[in-house]
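Biologist: I would like to learn how to read strand pairing and a chain interface. Could you take me through an example?

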There are 2 protein chains.
Amino acid sequence: MSAHPFDAALTLREIGPGRYAGRTSPAYWNMVGPFGGITAAIVLRAVLLHPQLLGEPMSLTVNYAGAMVEGPFEVQVQPVRTNRTTQHWTVGILQNNDQGQPLITTTATLITALRRETWRMSDIPMPEVPTPQEVPQGSYGDDLVWLKRYQLRLVSGGIPREWHGGGDDSLTRVWMQDQPARPLDFCALAALADVFFPRIWLRRATQVPAGTVSITTYFHASAQELGETGTGWVLGQAQAQEFRHGFFDQSARLWSEAGRLLCTSHQLVYYKE
Amino acid sequence: MSAHPFDAALTLREIGPGRYAGRTSPAYWNMVGPFGGITAAIVLRAVLLHPQLLGEPMSLTVNYAGAMVEGPFEVQVQPVRTNRTTQHWTVGILQNNDQGQPLITTTATLITALRRETWRMSDIPMPEVPTPQEVPQGSYGDDLVWLKRYQLRLVSGGIPREWHGGGDDSLTRVWMQDQPARPLDFCALAALADVFFPRIWLRRATQVPAGTVSITTYFHASAQELGETGTGWVLGQAQAQEFRHGFFDQSARLWSEAGRLLCTSHQLVYYKE
């Protein structure tokens, strides 16, 4: 039995202390490079493989410094500071250029921590939306390879059918899951947080080139809570705040089908014109 | 004439390529270390001093790996990738421990970019609030040294007067400016984004130990727009989304008095119990 495409894409081989070799996956290809979410997941996976890992992922920032090309890459992972209950990591992904010189394609920082039972409170309830079963499939577009790796059921705020230049807002709500279904874990969640199409397409009803330059995800769910979500649906919500000078930001929230906030995520996105 | 305390705290001396020496400022002292905002500003200042700088700050992530102690520190700054219009930086702050060994206290990544005139849109208007002149001063607490460096006029959501354990929400709106007044720039804005007191105090009406572990700020204003804001007031808004397992997140927005969104900022905060 072959591995799930997600796990195949995240296959890493240790080649030295904190050094992991991988290969880009055609199954998660975007327009000019891998889907950003799979790159974030690879960063996370490399840290989770490290023998000195303390705790679970809390905060992940991934910066897309340059497009990855098809082929091998190396992930370099360093635990720069280990405290009693938290641990700080720096991560880089490198690929050789045409001259065989290593180039940094991705930088990242990650904080892991021991989760403790404490007072808890959700300030942002899940919006009331139709169930995944009530939402028709396939209204999200599937012209890109990586989109075939997700089952998406759009609740509101889809890619405009007409590019008439007059969008009203930037809010999208969509039920999401890996395709084929796969139990949710931190790596899958890191990727799901980047599934949303560029907010500017929706807000402006104009399809301009756009790409994430930096994404930060805060993981609110524990490994155990993710396990309880299993292969269930995840509700994603994304909205922009400001479009200016060729960049906009996006804030996203992802809930389990049971209404538990799994992560919040923010990104800065480049756009042309 | 002596320098503004903010500029004094950000005084850095180049001691090698990408290496800058500084000293913690008692004027911005928090409970157990410097105010996190001043540390973020120091990170940014070091990059802005670098001779290879391209463009202006767009996205800054600062991770507080360990409390800084009073005394000298070194900022190490590396331009890891320079593209045509964007540049990616990694930054670390180091301090020697008792044995004279360098310890990383802070990791950071920064993206700078050439800002271009493009289509623009604000999706989140500034809330309607009283003007700074209509808001009384000094209701924000000033028991910490660094709080004396800011003039704060609280619009709503102040530190609870009674710790009765029954807060309603986590939303604070406050007019802010440096004290004494100082023209706004990227470093000042990076610090202002961290001025808010811990959301858990408000939401829970219980004062538990809390501290930022990671902050990400997206700069939407250009240097020119910040210059136009001058020494005017900045409206800050902060709100939490989820409190769980000893960590909560905070989302913040900062507007100029004229209603222009200057930056959006997100942080993950540790709390006890």
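Modeller: Start with a cross-chain pair: A:Met121 stands opposite B:Phe243, which lies in strand E11 of chain B. Keep in mind that this is a predicted model.

Biologist: In which sense do strand E7 of chain A and E11(B) pair, and over how many bridges?

Modeller: The sense is antiparallel, and there are two bridges; E7 of chain A covers residues 121-122.

Biologist: How many residues of chain B are in contact with chain A?

Modeller: Contact here is judged by C-beta atoms lying within 7 Å. By that test 50 residues of chain B touch 50 residues of chain A. Strand E11 of chain B, residues 234-244, supplies the largest share of chain B's side, with five residues. By type, chain B's side holds 23 polar, 15 nonpolar and 12 charged residues.

Biologist: How are the two copies related?

Modeller: One asks which rotation brings one chain onto the other. Chain B superposes on chain A by a rotation of 180° with 0.0 Å of shift along the axis, at an RMSD of 0.0 Å. The copies are therefore related as by a two-fold rotation axis. Of the interface residues of chain B, 100% are also interface residues in chain A, so the copies meet through the same surface.

Biologist: Back to E11(B). Which strand of chain B does E11(B) form a hairpin with?

Modeller: The partner in the hairpin is E12(B), with two residues between the strands. B:His245, in the turn, has a positive phi of about 55°. The two strands pair in the antiparallel sense over nine bridges, and B:Ala238 stands opposite B:Ala252 of E12(B).

Biologist: What lies on the other end of the trail, joined to E12(B) by nine bridges?

Modeller: That is strand E13 of chain B, residues 261-271, running antiparallel to E12(B). B:Trp255 stands opposite B:Leu261 in E13(B). The hairpin of E12(B) and E13(B) has four residues between the strands, and B:Gly259 takes a positive phi near 90° there.

Biologist: How should I read the two faces of a strand?

Modeller: In a regular strand, side chains alternate between the two faces of the sheet.

Biologist: Are the faces of E12(B) covered or uncovered?

Modeller: Both are covered. On one side B:Phe247, B:Asp249, B:Ser251, B:Arg253 and B:Trp255 are buried, and on the other B:Phe248, B:Gln250, B:Ala252, B:Leu254 and B:Ser256 are buried as well. For the strand, residues 247-256, that makes 10 of 10 residues buried.

Methods
Residues are numbered from 1 along each chain as its sequence is written. Chains are lettered from A and ligands numbered from 1 in the order in which they are written. This is a predicted model: local features need pLDDT of at least 70, side-chain atom pairs count only at pLDDT 80 or more; totals for chains, interfaces and linings use all residues. Two residues are in contact if their C-beta atoms, placed from the backbone, lie within 7 Å. Ala, Val, Leu, Ile, Met, Phe, Trp, Tyr, Cys and Pro count as nonpolar, Asp, Glu, Lys and Arg as charged, and the others, Gly among them, as polar. Two strands pair if DSSP finds at least two bridges between them. A residue is buried if 20 or more other C-beta atoms lie within 10 Å of its own, exposed if 12 or fewer, and partly exposed in between; C-beta atoms are placed from the backbone. Copies are superposed by least squares on the C-alpha atoms of residues with pLDDT of at least 70 in both.
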